[in-house]
Amino acid sequence: MLQVQGKVNQVAKQKPRLFELSAIGVIALILIAVMPLLLSDFRLDLLHRYLALAIVALGIDLIWGYTGLLSLGHGIFFALGGYAIAMHIKLQIPETASSQLPDFMGLYGVTELPWFWGPFSSFPFTAIAILLIPGILAAFLGYLVFRNRIRGVYFSILTQAATIVFFNFFNGQQKLFNGTNGLTDFQTLLGFPISHPNTQYGFYVLTVILLAGSYLLCRWLTSGRFGRLLIAIRDDESRVRFSGYNPTGYKVLVFAISAALAGLGGALFTLRAGIISPRAMDIAFSIEMVIWVAVGGRATLIGAILGALLVNYGKSFLSEQFPEIWLFFQGALFLIVVLVLPNGIVGWLRTEAGNFFRRITGHPRYMITYPQLAEDPEIQRERETLEP
């Protein structure tokens, strides 16, 4: 009997998962097959960039929304992913070229390829490095921070300080990374011309697939025991320690996964933008990543994606319509969202939207109470007496 009941419960759990997988597949097909027909090349370019940024937002939601660690330094990991793919592309030099060095190095008198550039001539190494370099760096920084039980605003300040350090380092290395100009003028990747429309469409399809894969990964991580531990760490870390768990390892792991997602998003964004520079490590950009998640809704995953798309499209729309004062509109929009929708758009839809629509249609709002109380005849009579 228990086995039959267990199978029934398992089937009941699988139905929402199948629905979610089907919905993700339909949305991915619409993005891949329909949107290129509806949008101009310029708008499709913007959508491609924003989908890449949505992968970064998923990582922010993992570390901030689920674990409660507000990172203001994810621009570092985003830029490292971008630099990794850019270094590989810059090393695709024709054999007939007069120099086998990236073009900018000749301007600074470099005569020999720096040692750490060499491995990036291999695409498999680069593909792994896009994820591993940000992930390992985050794990190293996270271990130093979390083992000393640094959290809250101190963790945010430390990540912001790290952003300044990396920004100044890359900005001052003209010979190694072309300084403030960054790496640009990309030609070919795996033999395909990067600027060709078919190649860019291939990058767009790859971005959609990787975004769907990243969402499923985050969904898998947060829907099981690991996700419940992250939420427990966010809500009461001391109680988690008291229960026999060591939160340090979990926080280091989720910080590394979050950074790897940021590196992946940075690499995909760089393929479309055609440039990566230290500006990607700017503090303002790292803060902007957090705003995407705040607007969409923390600890919702889908809210992080929605927030990244809406905020960036809103920024593009306002800058086109009001080029002189669009920053004021953007600031006002953020204030409205924070004051009116503290849980973000998805959070409002989950908790407040039902009562909102019942109120505007003249129906009484639902009361949040225990089921036993709601079903009590005396409570029901009292409710009918008090409610109009």
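**Notes on the two main pockets and a few local details**

1. Let me start with the lining of the largest pocket: sorted by class, it holds 23 nonpolar, two polar and five charged residues. Bear in mind throughout that this is a predicted model.

2. How much space lies in that largest pocket? The figure is about 850 Å³. There are 30 residues around it, and Glu20, Ile24, Tyr215, Leu216 and Arg219 are the closest to the centre. If you want to find the spot quickly on screen, those five are the ones to select.

3. Which elements build the lining of the largest pocket? At least two residues each come from helix H1 (2-38), helix H2 (41-66), helix H8 (197-223) and helix H12 (302-321). H1 makes the largest contribution to this lining, with eleven residues.

4. On to the second largest pocket, with a volume of about 540 Å³. Its lining counts 20 residues, and nearest the centre you will find Arg49, Leu53, Phe269, Phe285 and Lys315. Two or more lining residues come from each of H2, strand S4 (275-276), helix H11 (283-296) and H12. By class, this lining splits into eleven nonpolar, four polar and five charged residues.

5. H2 and H12 deserve a look from both sides: each gives at least two residues to the lining of the largest pocket, and each gives two or more to that of the second largest.

6. Glu288 is worth a click as well. This residue sits in helix H11, one of the elements that line the second largest pocket. Is Glu288 buried or exposed? Its relative accessibility is 15%, and the cut-off for buried is under 20%, so Glu288 counts as buried. Beyond its neighbours within four places in sequence, Glu288 is in contact with Asn312 and Lys315. Lys315 has already come up, as one of the residues nearest the centre of the second largest pocket.

7. Helix H3 (residues 74-90) makes a neat check on geometry. With 17 residues at 1.5 Å a residue, H3 should span 24 Å, and its end C-alpha atoms are indeed 24 Å apart, so the two agree. How many of the H3 residues are buried? The count is 17 of the 17, so H3 is largely enclosed by the rest of the structure.

8. Two backbone angles caught my eye. Arg149 has a phi near 60°, which is positive in a residue other than glycine. You will find Arg149 in the loop between helix H5 (123-146) and helix H6 (153-172). Its relative accessible area is 55%, and exposed means over 50%, so Arg149 is exposed.

9. The other angle belongs to Ala299, where phi is positive at about 55° although the residue is not a glycine. Ala299 also lies in a loop, here between H11 and H12. Both of these helices give two or more residues to the lining of the second largest pocket.

10. Finally, the overall picture. The protein has 17 helices and four strands, and its C-alpha trace spans about 90 × 50 × 50 Å along the principal axes. Of its 388 residues, 42% count as buried. Among contacts with a separation of 6 or more, 78% join residues 24 or more positions apart. The exposed area comes to about 21,500 Å², with carbon and sulfur atoms supplying 66% of it.

Key. Residues are numbered from 1 along each chain as its sequence is written. This is a predicted model: local features need pLDDT of at least 70, side-chain atom pairs count only at pLDDT 80 or more; totals for chains, interfaces and linings use all residues. Side-chain values use heavy atoms; hydrogens and water are left out. On a 1 Å grid over the protein atoms alone, a cavity is a set of points where a 1.4 Å probe fits but cannot get out, and a pocket is an open set with protein on both sides within 12 Å along at least five of seven lines; lining residues have an atom within 4 Å of a point. Grid points are joined across faces, edges and corners, and a volume is the space filled by probe spheres set on the points. Ala, Val, Leu, Ile, Met, Phe, Trp, Tyr, Cys and Pro count as nonpolar, Asp, Glu, Lys and Arg as charged, and the others, Gly among them, as polar. Buried means under 20% relative accessible area, exposed over 50%, partly exposed in between (1.4 Å probe, protein chains only). Contact means heavy atoms within 4.5 Å. Accessible areas come from the Shrake-Rupley method with a 1.4 Å probe; for residues, only the protein chains shown count as cover. The expected span of a helix is 1.5 Å times one less than its number of residues.
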